[in-house]
Amino acid sequence: MTTQVTSTHAYYFSAAHRLHSFQLNDDVNRKMFGKCNNPNGHGHNYTVLVTVDEEANASSDTLWDRKALDRLVHERIVARFDHQHLNYDQAFSHGLTTTGENLARIVWEILVEEIPDGRLQKVGVIETRDNYFEYIGNT
Ligand code: NI
């Protein structure tokens with residue numbers, strides 16, 4: 001049996017977005033997304049929860065600590081998305097809808113490249129007090 005100790009760290013950014021699928025016409029978009037489809041967009045204070053495997057630290061030569069994680073997430077996630085309109089970010093602007101699910105996956109895909117030894121376990125995104133999304137990819 002593998003024991004597993006993980007830790008989860010929270011990061012914050014504020015961003016605008018508009019829920020709109022390019023695969024659907026305007027009418028269906030309005031029906032599906034309601035006021036979240038308003039053309040001018042709206043904002044959220046997003047919380048990103050990054051869960052990493054702590055046990056790997058004991059069995060690896062690679063120095064990877066909380067400071068490294070903080071630096072990485074601030075540089076690659078917070079600096080990129082804070083006070084931006086997500087629909088115009090290159091991850092979404094080609095037609096990916098800016099749902100919380102997709103945002104969690106995009107954050108995962110950015111971080112998994114940089115976090116060594118499969119230590120990234122999960123990415124969660126809190127969009128509103130009622131909505132939480134998470135993505136667990138293959139490491
Ligand atoms: Ni929204």
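This passage looks at helix α3, the ends of two helices and the aromatic pairs in a predicted model.

Helix α3 runs over residues 66–81, 16 residues in total, and spans 21 Å from its first C-alpha to its last, close to the 22 Å expected at 1.5 Å a residue. It isn't quite straight, though: α3 bends by about 40° at His-74. A good part of the helix is tucked away, with Ala-68, Leu-69, Leu-72, Val-73, Ile-77, Val-78 and Phe-81 buried. In an α-helix, there are 3.6 residues a turn, so residues three or four places apart point the same way. The cover over the buried residues of α3 includes the strands β1 (6–17), β2 (42–53) and β3 (84–85), along with helix α4 (100–112).

As for the helix ends, Asp-65 caps the N-terminal end of α3, placing a side-chain oxygen 3.1 Å from the backbone nitrogen of Lys-67. Just past α3 comes His-83, with a positive phi of about 60°. Helix α1 (residues 26–33) has a contact at its start too: a side-chain oxygen of Asn-25 comes to within 3.0 Å of the backbone nitrogen of Asp-27. Gly-34 follows α1 and has a positive phi, near 55°.

Three aromatic pairs turn up in a search of the whole structure. One of them, Trp-108 with Tyr-135, is edge-to-face, at 5.8 Å centre to centre and 65° between the planes. This pair ties together distant parts of the chain, since Trp-108 sits in helix α4 and Tyr-135 in strand β5 (residues 131–135), 27 residues apart. Trp-108 counts as buried because its relative accessibility is 3%, while Tyr-135, at 26%, is partly exposed. Elsewhere, Phe-81 of α3 joins Phe-13 and Tyr-46 in one aromatic cluster.

Note on methods. Residues are numbered from 1 along each chain as its sequence is written. This is a predicted model: local features need pLDDT of at least 70, side-chain atom pairs count only at pLDDT 80 or more; totals for chains, interfaces and linings use all residues. Side-chain values use heavy atoms; hydrogens and water are left out. Helices (H or I, at least four residues) and strands (E, at least two) are DSSP runs, numbered from the N terminus. The expected span of a helix is 1.5 Å times one less than its number of residues. The bend at a residue is the angle between axes fitted to the seven residues ending there and the seven starting there. Buried means under 20% relative accessible area, exposed over 50%, partly exposed in between (1.4 Å probe, protein chains only). Contact means heavy atoms within 4.5 Å. A polar contact is a pair of N or O atoms within 3.5 Å; within protein, one must be able to donate a hydrogen and the other to accept it, and residues adjacent in sequence count only if both atoms are side-chain atoms. Rings of Phe, Tyr and Trp (its six-membered ring) pair if their centres lie within 6.5 Å; planes under 30 degrees apart count as stacked, over 60 as edge-to-face and the rest as tilted.
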